[in-house]
Amino acid sequence: MLTELLYISEAVEYPAKPIDFGHILSRARQRNSDAGVTGMLIFHKGKFIQLLEGMSQGLTGIYNDYIQTDPRHKSIQVVAQGAIHARSFGAWSMGFAEPAAMQASMPLSLEKVIYQLMSDEAQKSRPSAGVVEMTRLYQQVR
Ligand SMILES: Cc1cc2nc3c(=O)[nH]c(=O)nc-3n(C[C@H](O)[C@H](O)[C@H](O)COP(=O)(O)O)c2cc1C
C-alpha cells in the first residue's frame, strides 16, 4: 500500500551545533532510492518538517531504523500518516529546502505556509493536507 508520513522534529543543540545536511542527505537519498521512498525535507529555524512517501514496508523501515533513531533531532511528532493514491514527490529521493537561508528571494507567504504546517490545525487535519502544503511550499521555494 502506498503511504505517506509527515513529521516535525527539533534539531538537537540548535543553533550551537551546525547540521551537516550534505551528510544527512547523501545517506538518506541513497537509502530512500533503494527502498523506493520519496519525499521532501524542510529545515526552518531549528525545526525539521519531513514528508516521506512509499510502499508501507519500505517507508516504515526507513522511518523506524534511520529517522526515528537519529540523535541529530528530538521531539519527533508524526503529524499525518496514511494511504495515498499517488506520490507528490515521485522524482525526489529527498528534496531539501531551507527557507530561512533563502530569505532574500523568499516569497512572503512562505513563512505562513511553514507555520501552517506546524500549527495544531495542521496536526488535526487529514493526511493529504500535509502533501498539499509541502507541494505548495516546494513550488514556491524551487
Ligand atoms: C531530519 C533528518 C531526516 C532524515 N531523513 C532520512 C531519510 O529520508 N532517509 C534515510 O534513510 N535517513 C534519513 N535520516 C538519517 C540520516 O540520513 C542518516 O542516518 C545519517 O546521515 C547516518 O549517518 P551516520 O551513520 O554516518 O551517522 C534523516 C536524519 C535526520 C536528522
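In this predicted model, five strands make up an open sheet with mixed pairing, and reading across it gives the order S4-S1-S3-S2-S5. The two edges are taken by strand S4 (73-83) and strand S5 (95-97), each of which has a pairing partner on one side only. Direction aside, neighbouring strands of this sheet are turned against each other by 15° on average.

As background, strands in a sheet pair through backbone hydrogen bonds, and they can do so in a parallel or an antiparallel way. Here, strand S2 (residues 38-44) and S3 go for the antiparallel option, with seven bridges between them. Along the way, Ile-42 sits opposite Ile-49 in S3.

Now for the helix packing. H2 lies across strand S1 (2-11) and S3, and its direction is at about 150° to that of S3.

That brings us to the ligand. Its surroundings come to 16 residues, and the closest of these are Arg-27, Ala-28, Arg-31, Tyr-66 and Arg-72. As for where the shell comes from, helix H1 (21-35), strand S3 (47-55) and helix H2 (56-67) each put in at least two residues. H1 has the largest share, with six residues. S3 therefore turns up in both parts of the picture, since S3 pairs with S2 in the sheet and also supplies residues to the shell around the ligand. H2 likewise lies across S1 and S3 while contributing to that shell. In terms of chemistry, the shell splits into eight nonpolar residues, four polar ones and four charged ones.

Methods. Residues are numbered from 1 along each chain as its sequence is written. This is a predicted model: local features need pLDDT of at least 70, side-chain atom pairs count only at pLDDT 80 or more; totals for chains, interfaces and linings use all residues. A residue is near a molecule or strand if its C-beta atom, placed from the backbone, lies within 6 Å of it. Helices (H or I, at least four residues) and strands (E, at least two) are DSSP runs, numbered from the N terminus. Ala, Val, Leu, Ile, Met, Phe, Trp, Tyr, Cys and Pro count as nonpolar, Asp, Glu, Lys and Arg as charged, and the others, Gly among them, as polar. Two strands pair if DSSP finds at least two bridges between them. Axes are lines fitted to C-alpha atoms, for helices over the stretch in contact, and angles run from 0 to 180 degrees between N-to-C directions. Two residues are in contact if their C-beta atoms, placed from the backbone, lie within 7 Å.
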